Structures are given as C-alpha cells and as structure tokens.
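Me: Could you take a close look at one chain for me and explain where its parts touch each other and where it touches its partner? I am a first-year student, so please go step by step.

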Amino acid sequence: MRVVDVAPDTRTLHLRLPPDTHFRFTPGQFVSCLLPVGGSDIVRAYTIASHPEDVPAIEIVWNLVPNGQGSHYLFGLGIGDTLRFTGPWGTFTLDQAPAAECVFIADGTAVAPIRPMLRRALDTGSGHAVRLHYAAPRAAGLLYDAEFRADAATHPRFTYEPLLGGDLLAHIERRYVAGDDDRTRHFYVCGVGAIVHRLRDLLRGAGYARRAVQYEKW
Amino acid sequence: MTKLRVLFENGSPERVIEFDLSRAPFQHDGRPASLLDVLLGHGIHLEHACGGNCACTTCHVIVQGGLGNLSEAEENELDLLDKAPGLKPTSRLGCQAVIEDDCELTIVIPRFTINAA
C-alpha cells in the first residue's frame, strides 16, 4: 500500500491485491469497501482511479468529508493496513471508445472514473476527437493534471481543457448546445451533487441521445 | 402497519415482515423508508455495493404487488435499471423506492445482482 496526499483534503491509496487474486475491472467501475466503523461494517463505494493494466495494484482517491465516517476511517489507514472490499461493481463504464466524438466532463475528485475511461478511449478509438473538460475551484484541485497534459501532448486528437472556478454548466452549454448543431457526440459526466443531473438534462434536452449521455453522480 | 412479503429467486424461504412506517429510517443505507432501508433494518440482506446511493444496480428488486405505494422512479434510477440484469416492467432499485403509505407489498429479490465486469 502507498498513501499520497494530492491536496490538503484529498488522498490516494495505492492498494496491492493479495497474490492469486483474479481481479479484473472495466474502466469506470468501483470497489465496495467494508469499513469497520462504530462496531459494525459500513459499505462505502470508491471508484478505481487506476487503469486495468495496473492490476494487481489499484488506486482509489477520495476527499475528507466533514462528519463522513468512511472518509475519516480511510484517512486513518497507513502502509501495511488491510482494506476489505468486494467488486468490481458499477455500470458507468467505458470498455471501447464509441464511434463518435467523446467528451468527458469531470468535477473535482470525480475525475477518478474518468481517468481510466479516458485512457481506454484513447487506446481503442478510431480517430474521433476526445475531450476532457475538468472543473475545479483552483489549480491544486486538478488531480492528474500533469498526466492529462502529457496525454494531450502525445495524442493529437485529445484536447484537455481544465476549467478553474468557472461555471461548468454555462461552459458546456456554450460549447455543445449553442456552439453547433452536431448531436452525434457521446458524453461521460462525473461530478458531485446537482451539477451532474443539470448537465444530463441540458445535453439530453438539447437533442443528444439518451444513451449517449452517460453519467455518475457522487 | 405495513406488511412486506419477500420472495427469493434463489429458493430461500419467503419472509414476511410487518413494521410501523413512521419509525423509518430503520438503519443508515438507502433512502429512509426505502425497500433497502426496511429490509436491512429487519435483518434481510439485500446487496447494495454503492452503499445505497443510486450508483449501481445491485439492490434491484422486482415488485409483484403494491407498486403504486412506492415513490415514482426518477431518471437516475431508470437509467441505472436499464443496465440491470433480468429487468422487468416492475423493477425498482431498493435504495430508491420509498414506501409512501401503509400498505401490503410483495417483492422478489432476483438471483443475479451481478456487476458488469
């Protein structure tokens, strides 16, 4: 296990799976952790932020939630500790790039599932543009920023567009609703709270196909 | 009092529970008074890999009776149910389907609640 503080309230855990564990996952999936809190196990889901090719290591990322039992428990874990989980679970996934422009929209730590999905889209796509709009209040909140910049430098069809402190909904509306009449794009949206459903409703309401707008709300 | 009859596709014996709906939540996962809340609070296991936060399909149940007494499914739940194995017209996610009135309900817990790996 390795523990990395990526921001004052945000941490990644790099977990090593036991030998002989046959664990495979699809980019976007999560593990369901059983955390011994208050005398019983509570169930908390943590998305796998690493790539399937990294197994037997997996990485999860989370931020400290005030009064959050699960996040406080995880913050107390150190090297050598054991974390019990089941999985992988979840249907917000990307196994093969769609045959269309692929737009990822992420907000803060909710970039976790997008990271392996983006890599898979770049590895399996057939020439369509791939974009990442990544919103955070400030630059320190852009996780994996250097990696995304490096990806953009090596993949000409990939564009990385961080958005610091801006209005994500208005930005997406300008680009993909008011910007043109193309409604063939596929969207993968992950964020925290009501912004996710607002983005879903904006894009579907603008004429993008229901199943072309995939999302996960944290 | 509300009466909930629970059938299991895997052949486990059926369970019937009766409870006072006004005492919800019965535990801490899923919406208060949801099927997941009621089942877990009465010692009946239902998978809920995401913690009961409408982010997976493992708490999929099929409602056989009393569907009209449950809260209406929102778009997020319907999008997830699209991906549930063994989907039926009366499928619901246990963590989202809230019992709104005293009533009698019958649900089936499917054999498979499996992930999409």
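Reply: What follows is a walk through the contacts of chain A, taken from inside the chain outwards. Please keep in mind that this is a predicted model, and that every value below is computed from it.

The domain assignment splits chain A into domain 1, which covers 2-89, and domain 2, which covers 102-217. The C-alpha centres of domain 1 of chain A and domain 2 of chain A are 24 Å apart, and the contact between them draws on 14 residues from domain 1 of chain A and eleven residues from domain 2 of chain A. On the domain 1 side of this contact, β1 (2-7) and β5 (57-63) of chain A each provide at least two residues, and it is β5(A) that gives the most, with three residues. If we sort the residues of that domain 1 side by class, we find eight nonpolar and six polar residues, but no charged ones.

We can now turn to the contact between chain A and chain B, to which chain A brings 18 residues and chain B brings 15 residues. On the side of chain A that touches chain B, three strands of chain A, namely β4 (40-47), β6 (84-89) and β11 (213-217), each supply at least two residues. Of these, β6(A) holds the largest share, with four residues. Sorted by class, the side of chain A that touches chain B has five nonpolar, nine polar and four charged residues, whereas the side of domain 1 of chain A that touches domain 2 of chain A has no charged residues.

Conventions:
Residues are numbered from 1 along each chain as its sequence is written. Chains are lettered from A and ligands numbered from 1 in the order in which they are written. This is a predicted model: local features need pLDDT of at least 70, side-chain atom pairs count only at pLDDT 80 or more; totals for chains, interfaces and linings use all residues. Domain bounds come from an automatic or database domain assignment. Two residues are in contact if their C-beta atoms, placed from the backbone, lie within 7 Å. Ala, Val, Leu, Ile, Met, Phe, Trp, Tyr, Cys and Pro count as nonpolar, Asp, Glu, Lys and Arg as charged, and the others, Gly among them, as polar.
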